[in-house]
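Subject: A structure to look through

Dear colleague,

Please find below the structure that I promised to pass on to you. I suggest that you keep it open while you read, since my notes go through it part by part.

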Amino acid sequence: LQRWPRPLQLSLRRWRRFLNGDPILTQNGDVRRENRKPPAPLAPSVAAFKAYLLDERGFVPATVASYINDIARWHHRLGEDAGQYTPRSIRRLCREEFAKRAPGAQTRFLSVLRGYIAFRAGNDECDRTLLNAIVSRPTYTQGTIPKTKPFKTLRGYIAACDTDKPVGLRARAVMALLLETGIRAKEAGHLKLEDIDWANGEFVIDGKGRQREAMPLPESAGHAMLDWLEKGRPQCDCPYVFVRLRRPYQALNLNSGISTLVQAELRKQGVRRSGAAHVFRHSFARQHLKGGLTLPQIGRLLRHRIVDTTQIYTKVDDRMLAALAQDWPGEAA
């Protein structure tokens, strides 16, 4: 068996489990491979922190999972006994993590570390003054430029999906929905069949802050989704629109499944470093900005809570920047 191609090995293992009547292997509700190791058990303090975030702080499970995954990377270096934490050990951890993280990941690390230390201090397991030892980093508002591509280019990627296969129908439906509505990848992953009102051309999404919001469903995206539902989607009881193509049929990973799907399709088409799913949302904003909509109007389309969040898109509008630019002294005609 070991000399056979890996895909055939996996298929035979699944067939053997089916014949033996073995249960399906799952991990956090998702199907996992037979040879994939289960996650290591959480340290008692990390497990307690997880329960605290879920039960007392009311964080959504996806955010909590992100926090716990981050802690798992460095918790063993701090140790379980918070009484042994020192300003020096915390600063050393910060320096080590900063050296191998991008700016965005550094900010996430600091948030998680502060939350964890504050939790341990709140339980009288360490001194709260240790929070002052956490090394900070300068954070520049809107310090990055969002990745965008012309609508024509993105529509070309959508048209190039292989619609003779279910995987291509699904990819086209996902990408069309992202491009024509500007919703987030996670919101597309959480979309359920019951959330779509075909008669009125609308759908409801679970936005940030657990807000349910109605959105118009553009015709092009609606047609792509209908093709997926009628020709590609497996007949199953799963309530989500976008599901796995192999048994057991269930939702894609709701944290990153849509982004992974888009990235895989773009790589199949030879596109590298595209920004994955979020480039569709950024391009949606850029397209409407070029079309003449104001920043508050685009903010409402993107469901931003504050207008400052939308201002970053002025960086990718050359016409708007040119209008704001002043002549250099001595060079004006």
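I begin with a small detail of the strands, where Ile205 has Glu213 in strand E5 as its bridge partner. Please keep in mind throughout that this is a predicted model, and that what follows describes that model.

The sheet

The pair just named belongs to a wider arrangement, for five bridges join strand E4 to strand E5, and these two strands run antiparallel. On the other side, two bridges join strand E3 to E4 (residues 202–206), again in an antiparallel manner. Taken as a whole, three strands form an open sheet in the order E3-E4-E5, with antiparallel pairing. Strand E3 (196–197) and strand E5 (212–216) stand at the edges with a single partner strand each, so one side of each is left without a neighbour in the sheet.

Between E3 and E4, you can follow the pairing residue by residue: Ile196 has Phe203 in E4 as its bridge partner, while Asp197 stands opposite Glu202. The two strands form a hairpin with four residues between them, and in the turn Gly201 has a positive phi of about 65°. It is also worth looking at how the side chains alternate along E4, since Phe203 and Ile205 point to one face and are buried, whereas Glu202, Val204 and Asp206 point to the other face and are not buried.

Helix H5 and its neighbours

Helix H5 (residues 103–122) allows a simple check of geometry: with 20 residues at 1.5 Å a residue, the helix should span 28 Å, and the C-alpha atoms at its ends are 29 Å apart, which agrees. Several of its residues are buried, including Gln106, Leu110, Leu113, Ile117 and Arg120. The buried residues of H5 pack against helix H2 (44–55), helix H3 (61–78) and helix H4 (87–99).

What comes after the helix? H5 is followed by Asp124, whose phi is positive. Most residues other than glycine have a negative phi. The phi of Asp124 is near 60°, a positive value in a residue other than glycine. Asp124 sits in the loop between H5 and helix H6 (151–159), and with a relative accessibility of 72% it counts as exposed.

Aromatic rings

How many aromatic pairs does the structure hold? There are nine aromatic pairs in the structure. One of them is formed by Tyr52 and Phe119, and this pair is tilted, with 5.1 Å from centre to centre and 35° between the planes. Because Tyr52 lies in helix H2 and Phe119 in helix H5, the pair ties together parts that are 67 residues apart in sequence. Tyr52 counts as partly exposed at 22% relative accessibility, whereas Phe119 is buried, with a relative accessible area of 11%.

Trp74 and Tyr116 form another aromatic pair, which is edge-to-face, with 6.1 Å from centre to centre and 75° between the planes. Here Trp74 lies in helix H3 and Tyr116 in helix H5, so this pair ties together parts that are 42 residues apart in sequence. Both Trp74 and Tyr116 are buried. These four residues belong to one aromatic cluster, which is formed by Phe49, Tyr52, Trp74, Phe98, Phe109, Tyr116 and Phe119.

Two further residues

Is Ser283, which is found in helix H11 (residues 278–290), buried or exposed? At 1% relative accessibility, Ser283 counts as buried. Leaving aside residues up to four places away in sequence, Ser283 touches Thr148, Lys149, Phe151 and Leu154. The C-alpha atoms of Ser283 and Glu180 are separated by 9.8 Å, although the two residues are 103 residues apart along the chain.

Arg184 has its place in the loop between helix H7 (166–181) and helix H8 (185–189). With 14% relative accessibility it counts as buried, and its side chain makes a polar contact of 2.6 Å with the side chain of Glu187.

The chain as a whole

To close, here are some totals: the secondary structure of the chain comes to 14 helices and five strands, and buried residues make up 38% of its 333 residues. Among contacts in the chain with a separation of 6 or more, 55% are between residues 24 or more positions apart. The accessible surface of the chain comes to about 20100 Å², of which 51% belongs to carbon and sulfur atoms.

With best wishes

Definitions and conventions
Residues numbered from 1 in each chain as written. Predicted model: local features only at pLDDT ≥ 70, side-chain atom pairs only at ≥ 80, totals over all residues. Heavy atoms only, no water. Expected span 1.5 Å × (residues − 1). Buried < 20%, exposed > 50% of the residue type's maximum accessible area, 1.4 Å probe, protein only. Contact = heavy atoms within 4.5 Å. Polar contact = N/O pair within 3.5 Å; in protein donor to acceptor, adjacent residues only side chain to side chain. Phe/Tyr/Trp six-rings, centres within 6.5 Å; stacked < 30°, edge-to-face > 60°. Areas by Shrake-Rupley, 256 points an atom, 1.4 Å probe, with all protein chains shown as cover. Pairing = 2+ DSSP bridges.
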